[in-house]
Amino acid sequence: MEAAKASKPDVSAVYAVDLSQRPVPPGDAAREKAALLQLARRMHDAPGEMLPRFVELAMELTGGISAGISLLEEAEPSPVFRWHYLKGILSPFNGATTPRDFSPCGITLDRSATTLTIHPERVYDWIPPGLFLPEVLLVPLYIGRTEPLGTLWIVADRIEHFHCGHAATMQELADFIGIALKMVRSEEELQQALEQQELLTREMGHRLKNLFTILDGMVRISARTTDNKDDLVALLSGRLHALAAAHSLVRPSFSDVQGAASSLAELLSIVLEPHEPPAISGKRRLSLTGPTVLCGEQSVNGLALVFHELATNAAKYGSLCGDLGTVDVVWQIDGGDLGITWREDGGAQATSSSPASKGFGSTLVEATVIRQFGGTLSYDWRSTGLSVHIVMPLCRLAQ
């Protein structure tokens with residue numbers, strides 16, 4: 001039903017009837033009040049059944065042979081109406097779509113008023129052949145009176161069936177539906193906000209617990225590997241700054257607030273910035289090269305500590321302790337793995353042999369890469385500077 005003619009016919013004759021010229025029989029106020037009460041009960045007890053019952057009541061109160069709701073949907077290349085909750089002779093077409101800009105529903109929303117059509121099948125070629133629609137009464141539907149939702153439509157089996165009384169009754173029910181849907185949406189939004197607040201509280205508690213565990217391990221192990229309080233303070237201070245920089249990248253998983261992106265490039269830039277020595281001839285001595293790789297909350301802290309340790313060692317013993325040394329960090333994706341190479345050049349104390357003993361920093365790097373990320377790492381003690389190659393599964397970084 002989506003297709004429409006390239007050259008649209010004149011549809012004015014379909015909408016030529018003025019409902020106000022038709023006589024209105026006495027109304028049934030009690031019946032209309034009962035319909036409103038039914039909708040109110042559905043809204044309270046079963047909000048999901050409110051619209052289907054609305055369609056049933058529309059047929060009962062107007063004596064139609066079919067009815068349904070056309071809900072407006074944004075689609076490419078143009079918006080459409082999708083038929084829902086169909087009753088009567090048109091029920092087999094539940095789920096069908098019609099064009100927004102070439103349909104009685106579209107004209108009804110444009111007019112923002114109840115509309116009557118006479119034999120719309122004469123001009124709308126998307127109406128299936130063989131359907132006979134003497135009259136169709138259409139009522140605009142809004143959420144909270146302003147947000148377009150679609151239209152209610154009712155089909156009659158003869159011309160001059162509908163009158164102003166029908167239009168007024170349906171508009172009153174439609175207004176109630178719009179307010180009810182607004183209330184339901186507000187309640188859902190409030191419930192979602194409460195659930196998010198509870199999740200945030202649990203999430204922050206979990207983070208604090210993990211943070212204190214990390215800090216406790218840092219203090220204990222750092223104390224065993226330093227000789228005096230000044231070294232202990234310097235060691236802990238650097239590692240805490242790296243941890244704080246990583247933590248600044250982490251935000252609640254459900255939050256819509258835009259903060260610093262948790263990408264590998266930005267993480268490395270933030271963590272390594274304090275170790276950036278003066279540039280040589282205007283050229284930075286720390287370079288980062290690689291594709292975009294997003295890091296999850298659990299991986300950010302671990303990566304920050306790993307590269308803080310590598311940068312600290314480079315500043316104390318490697319390429320960054322001299323005036324001419326450089327560090328290049330290059331990463332690339334290979335299938336499901338991420339390969340990262342840390343390459344130092346021009347170190348003042350470069351050596352071709354590995355250290356005689358392994359300090360806490362090296363132990364921390366290995367434990368994080370192997371245990372936390374399930375990866376591997378290798379050291380190449382080149383005469384021009386240390387090269388470290390790390391491989392880890394991409395799926396572990398996303399956690």
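**Salt bridges, helix packing and backbone oddities in a predicted model**

The count of salt bridges comes to eight. The model behind that count is a predicted one, so what follows describes computed geometry. Side chains of opposite charge can pair when their charged atoms come close.

Start with the pair formed by glutamate 135 and arginine 22, a salt bridge whose closest N and O atoms sit 2.5 Å apart. This one ties together distant parts of the chain: glutamate 135 belongs to strand S5 (residues 135–143), while arginine 22 is in the segment before helix H1 (29–45), 113 residues away. Both partners are tucked out of reach, with glutamate 135 buried and arginine 22 buried too.

Arginine 82 and glutamate 73 make another salt bridge, at 2.9 Å from N to O. Here the partners are not hidden to that degree: with 28% relative accessibility, arginine 82 counts as partly exposed, and glutamate 73, at 25%, falls in that class as well. Arginine 343 pairs with aspartate 345, and in this salt bridge the closest N and O atoms are 3.3 Å apart. The relative accessibility of arginine 343 is 36%, so this residue is partly exposed. There is also a network, in which Arg53, Glu56, Glu60 and Lys87 are joined by salt bridges that share partners.

As for disulfides, a search through the whole structure turns up zero. Two cysteines can still be placed by their accessibility. Cysteine 164 comes out at 27% relative accessibility and is therefore partly exposed, whereas cysteine 295, with a relative accessible area of 9%, is buried.

Stepping back to the overall picture, the protein chain has nine helices and 11 strands. It runs to 399 residues, of which 41% count as buried. Among the contacts in the protein chain with a separation of 6 or more, 62% are between residues 24 or more positions apart.

Two helix pairs give a feel for the packing. H1 and helix H2 (residues 50–62) have axes that come within 9 Å and cross at roughly 170°. An angle over 145 degrees counts as roughly antiparallel, and H1 and H2 are therefore roughly antiparallel to each other. On the H1 side, the residues that meet H2 are Arg31, Ala35, Gln38, Leu39, Arg42 and Met43. Their counterparts in H2 are Met50, Arg53, Phe54, Leu57, Glu60 and Leu61. Arg53 and Glu60 thus turn up twice, in this helix contact and in the salt-bridge network. An α-helix has 3.6 residues a turn, so residues three or four places apart point the same way.

Helix H6 (residues 264–272) and helix H7 (residues 297–316) pack at an angle of about 45°, and their axes are 9 Å apart. That makes H6 and H7 oblique to each other, and their crossing is right-handed. H6 brings Leu264, Leu267, Leu268, Val271 and Leu272 to the contact. H7 answers with Val300, Leu303, Ala304, Phe307, His308 and Ala311.

Helix H3 (residues 104–111) is worth a look for what surrounds it. Its buried residues include Pro104, Cys105, Gly106, Thr108 and Leu109. The cover over the buried residues of H3 includes strands: S1 (66–73), S2 (80–88), S4 (115–118), S5 and S6 (147–156). S5 is also the strand that holds glutamate 135, the partner of arginine 22.

Right after H3 comes serine 112, with a positive phi near 55°. Serine 112 is not a glycine, yet its phi has that positive value. The residue lies in the loop between H3 and S4, and its relative accessible area of 45% makes serine 112 partly exposed.

Tyrosine 85 shows a comparable backbone feature: its phi is positive, about 60°, although the residue is not a glycine. Unlike the loop residue serine 112, tyrosine 85 lies within a strand, S2. With 29% relative accessibility, tyrosine 85 is partly exposed.

The last backbone detail is a cis peptide bond, running from glutamate 76 to proline 77 with omega near 5°. Proline 77 is found in the loop between S1 and S2, two of the strands that help cover H3.

Definitions and conventions. Residues numbered from 1 in each chain as written. Predicted model: local features only at pLDDT ≥ 70, side-chain atom pairs only at ≥ 80, totals over all residues. Heavy atoms only, no water. Salt bridge = Lys/Arg side-chain N within 4 Å of Asp/Glu carboxyl O. Helix = DSSP H or I, 4+ residues; strand = E, 2+ residues; numbered from the N terminus. Buried < 20%, exposed > 50% of the residue type's maximum accessible area, 1.4 Å probe, protein only. Disulfide = S-S within 2.5 Å. Contact = heavy atoms within 4.5 Å. Axes fitted to C-alpha atoms, helices over the stretch in contact; angles between N-to-C directions. Parallel < 35°, antiparallel > 145°, perpendicular 65-115°, else oblique. Left-handed = near helix turned anticlockwise from the far one by under 90°.
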